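Let's take a walk through this structure together, one chain at a time. Keep the 3D view open and turn it as you read.

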Amino acid sequence: MEGLIPRIAITSLGKTWQGRRGDVEALRDINLAIGPGEFVAVVGPSGCGKSTLLSVVAGFATPTSGKVLVDGLSVDGPSPERGVMFQDYALFPWRTVADNIGFGPLARGVKRAERLEITQRLVALVGLDGFQDRYPHELSGGMRQRCALARMLANDPAVWLMDEPLAALDPQTRIVMQDELLRIWGDERPADQRRAVLFVTHGIDEAVHLSDRVVVLARRPGRVRAVIEVDLPRPRSALRSSPEAARLVAEIWALIRDEAVDAIREENG
Amino acid sequence: MRARLPQRVLPPLGFALIVLGSWYGVARHLANPQLLPSPWTVGVALVDLLGNGDMVDDILASLGHLGLGYGIGAGIGLIMAALCARFAALETAIDPLVELLRPIGAIAWIPFAILMFGVGSTVPVFLISYGAAFPIFVATLAGMHGVDRALLAAGQALGASKRMLITHVVFPAALPHVLAGARLSLGVAWAAMVAAELTGSDSGLGWRLFWYQEFFRMDRVMAVIVVIGVLGVAADALLRALRQAVVGWSPEDSNAA
Ligand SMILES: Nc1ncnc2c1ncn2[C@@H]1O[C@H](COP(=O)(O)OP(=O)(O)OP(=O)(O)O)[C@@H](O)[C@H]1O
Ligand SMILES: [Mg+2]
């Protein structure tokens, strides 16, 4: 992304959590720039600080050292300019699909008529027609996921921050949603019509399928171990099992494998 | 899972018939009919009392006590809980007192209330308020504290102000707990009402129980008890219907109360 002003600029970022059982250094010296319209995936073993990274960029947590700039401004707290999608969706259970989607515009003071218009457009975009008036507990996992995506999009944020948004889906729905996500992001459109995405996932093949770059984190403390360029042409949906993608997946897995095994051993005591 | 209608209705109906039948049998053949009137005699007394208007006055008096006392008590519980949720220092300050007063229960205060206010409507109203305040306070506070942090984070990330987070996230998230607490409060209030009227009031169903006791009218005593039970169930059903109407969004088993 040289030459372009990055949308997200992370410099020498460190984050230490203060817990009851001592401090945990979750992130150390993270440097990362994400251009407007760039899709960046973050992978790494469990506990390497992926969620921490996302919550610092979202503004839920403050950096211990270093800084995070979005559009040149230092992040201080959450903002509707940075949309967040949570792993378990965090939909408001007392709001219908339409009212969940309309929450962001409501918070920003958008007038009722325009809110309605935004909601209807997004309901159609994510394929929830006919389900506007359902409550979240009346939806399938895939539909909840669509609803959460639409809710985030309703503010048209410049940055999408997504923490394992597809992890709770069954494998088939997940594959469908990966391609849906790409379509909505603008996989088929020119790059300048896309948003910047920071996408945390445990799925290496998912990371390769979706992103322009894969950031591989190492753990204890979380550091950038490698950044892998994914030079596959877009749109990607036809490319699901190309040899090139398989080679990248293998390369990334080789970087993570030993640490992933360690992480599992530690978690099991 | 909701069983089909006959399965839901037949067993309770059958059991009620067994109880009534045993009652009838015991009353007819074993007990002193003065002491244990048969269901039939109680039914006649009930119709009689409803017919001559006395019962209606008693019911209205009791509902008046209940409405006022419950309104005051539940209102105080609700407001205090909201204040405690907003100002942590207040919660720290009043928590020991609440924990001390809560287990005492309204009935223990009856002698105090009679000496303080004299026999009359103030005694039941005071005690109903006292009893109703605690369950809704505790439930509401727990509900407000227990709001899923992810929902607050989601609200913030969508641009909600602090004020909107409270009105549009914290309040609705706590609402099922508030309504569950309201139901518990009503149960306590109902019991406090009967007990307080029994000894500290000059009107109401509880007072009427005492009155018929003095005249040794067991049939009427039991008729009043039946009315107290039926009205209690009706009041509870009203709150349940309210809950269903207000928090119908909530999956049934997640806030079963
Ligand atoms: N709020 C917090 N308070 C204290 N420690 C935390 C907090 N959040 C995370 N941590 C710690 O920071 C480290 C990194 O956690 P984080 O959740 O960022 O990892 P992750 O890569 O997202 O893991 P996973 O893949 O399991 O989701 C862990 O050791 C974790 O215990
Ligand atoms: Mg995580």
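Start with chain A, where 70% of the contacts with a separation of 6 or more involve residues 24 or more positions apart. Before going further, keep in mind that what you're looking at is a predicted model. It comes with an ipTM of 0.87 and a pTM of 0.81.

So what is chain A built from? You'll find eight helices and ten strands in it. Picture a box around its C-alpha atoms, lined up with the principal axes: the box is roughly 50 × 45 × 45 Å. How does that fit with the idea of a globule? A compact globule of 269 residues would have a radius of gyration near 18 Å, and chain A agrees because its own value is 18 Å. Buried residues account for 52% of the 269 residues here. On the outside, chain A has an accessible surface of about 12500 Å², and 49% of that belongs to carbon and sulfur atoms. As for charge, chain A carries 34 positive and 36 negative side chains, with the centres of the two sets 4 Å apart.

Now zoom in on the backbone of chain A. Some background helps: most peptide bonds are trans, and most residues other than glycine have a negative phi. With that in mind, go to the loop between strand 9 (213-218) and strand 10 (223-229), where A:Pro221 sits. The peptide bond joining A:Arg220 to A:Pro221 is cis, with omega about -10 degrees. A:Arg220 belongs to the loop between strand 9 and strand 10 as well, and its phi is near 55 degrees, a positive value in a residue other than glycine. Is A:Arg220 buried or exposed? It counts as exposed because its relative accessible area is 56%, and the cut-off for exposed is over 50%.

Keep following the chain and you reach the loop between strand 10 and helix 8 (243-267), which holds A:Pro235. Here the bond from A:Arg234 to A:Pro235 is cis, with omega near -5 degrees.

For another positive phi, head back to strand 1 (residues 8-19), where A:Ser12 lies. Its phi is near 45 degrees, and A:Ser12 is not a glycine. With a relative accessible area of 37%, A:Ser12 is partly exposed.

Time to swing over to chain B. What does its secondary structure consist of? Ten helices and zero strands. Its C-alpha trace spans about 75 × 55 × 30 Å along the principal axes. Of the 257 residues in chain B, 41% are buried. Chain B exposes about 14000 Å², with 71% of that supplied by carbon and sulfur atoms. It has 15 positive and 15 negative side chains, and the centres of these two sets are 10 Å apart. Take the contacts in chain B between residues at least 6 apart in sequence: 71% of them join residues at least 24 apart.

One residue to pick out is B:Arg243, in helix 10 (residues 218-246). Why does B:Arg243 count as buried? Because its relative accessible area is 13%, and buried means under 20%. Its C-alpha atom is 22 Å from that of B:Ile128, which is 115 residues away along the chain.

Finally, how confident is the prediction for chain B? The average pLDDT is 89, and 96% of the residues score at least 70. Over residues 253-257, though, the pLDDT is below 50, and this stretch has eight contacts in the model beyond near neighbours in sequence.

Notes:
Residues numbered from 1 in each chain as written. Chains lettered and ligands numbered in written order. Predicted model: local features only at pLDDT ≥ 70, side-chain atom pairs only at ≥ 80, totals over all residues. Heavy atoms only, no water. Helix = DSSP H or I, 4+ residues; strand = E, 2+ residues; numbered from the N terminus. Rg over C-alpha atoms; globule rule 2.2 N^0.38 Å. Buried < 20%, exposed > 50% of the residue type's maximum accessible area, 1.4 Å probe, protein only. Contact = heavy atoms within 4.5 Å. Areas by Shrake-Rupley, 256 points an atom, 1.4 Å probe, with all protein chains shown as cover. Lys, Arg positive; Asp, Glu negative; His and termini not counted. Charge placed at Lys NZ, Arg CZ, Asp CG, Glu CD. pLDDT = per-residue confidence, 0-100.
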